[in-house]
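Reader: I am new to this structure and would like to learn how its descriptions are reached. Could you take me through a few of them?

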Amino acid sequence: MSALTEVRVPASSANLGPGFDTLGLALGVYLYCRFRIASEDLVRVSGRDTASIPAESENLILKTAREVAGAHGRELPPVYLEIENEIPVGKGLGSSAAALVVGVVLADRVLDMGWDEHRLLDEAARIEGHPDNVSAAVLGSVTTAAIGADGVTRAVRLEVPRAFSVAVVCPDYELSTLKMRAALPDRCSRDDAVFNIQRATLLVAALLKGNREAFPVAFEDRLHQPYRSPHVPGLDAILKLRVPGLLGCALSGAGPAVLVLYETGREDAVHAVAREFEKAGCQSEVMFPHLDRTGLVVKNVSQQ
């Protein structure tokens, strides 16, 4: 018998409009992994976008695990790693954050460090550089997070009413996160900062209370979407879209996917978003994942 560890990590959507680098939402689309100590590194990949998931030395999960081990004065032994991916890669749905989380879990389990989910989250956020995606991936549901002056991540999970549903509309191309970060200005005005603070706090309150009247104002943003929209044809029209049942839309992370919040049962509102991409000359995939309310799942299994 050889011990295996199974890990399930949800996709995530970051920013949610005004909550740049702080708000995140977990989606019911998953990265599944199984690993154990082995005589040599071996990575097997299946599922979606496998051509974008390198094996062995360049695999992000293994690179992350080695980085974590090295940061704590340890050396990672060779491992056998199975990856089954459902998360679209390069679309702003937290595929790299999910891999980072698995890498941290792998290092923790293989090196027997005994970390709880908050320590796992803190390690992943340190590597990622911002806590929004990894907080949602680890804790599930909607999260708000910040990295303190001490370098430690504090994250709070919010319960969202079931009257609100989420969908994702993915255009048929990828965008570089580095390129989309480079599109942002180094500074913003006080008016823009106040604008976003107002809407980010309004959004959190509206999600907690299920208040429909706060939308779509609560999704408005001046810090990142106006600068990224030239790279996402159709985004301007989508952010201005007003149809029955649609609460609001936001560029998911660095894009190009768009997160759609809508009233449960009004899937027609989501298809209206997809039509805006079509008008801009882009084919898109419409996904209806549930809001993942569990987050990271880790369990030990046995293998004959």
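Reader: Which exposed residues does the face of α6 turned away from its buried side carry?

Author: Happy to help! That face carries Arg 190, Ile 197, Thr 201 and Lys 209. Exposed means over 50% relative accessible area, buried under 20%, and partly exposed in between (1.4 Å probe, protein chains only). This is a predicted model, where local features need pLDDT of at least 70, side-chain atom pairs count only at pLDDT 80 or more, and totals for chains, interfaces and linings use all residues. Residues are numbered from 1 along each chain as its sequence is written, and side-chain values use heavy atoms, leaving out hydrogens and water.

Reader: How do you know that the buried residues of α6 line one face of the helix?

Author: Among the buried residues of α6 are Phe 195, Arg 199 and Leu 203. Seen down the axis, the buried residues fall within an arc of 135 degrees, so they line one face; the arc is that of the directions from the helix axis to the C-beta atoms.

Reader: What covers the buried residues of α6?

Author: The cover includes β2 (23–37), β5 (142–147), β7 (164–171) and β9 (258–263), with contact meaning heavy atoms within 4.5 Å.

Reader: Why are α3 and α4 called roughly antiparallel?

Author: Helix α3 (residues 117–128) and helix α4 (residues 132–139) pack at an angle of about 155 degrees. Angles over 145 degrees count as roughly antiparallel, under 35 as roughly parallel, 65 to 115 as roughly perpendicular and the rest as oblique. α3 and α4 are therefore roughly antiparallel to each other.

Key:
Helix = DSSP H or I, 4+ residues; strand = E, 2+ residues; numbered from the N terminus. Axes fitted to C-alpha atoms, helices over the stretch in contact; angles between N-to-C directions.
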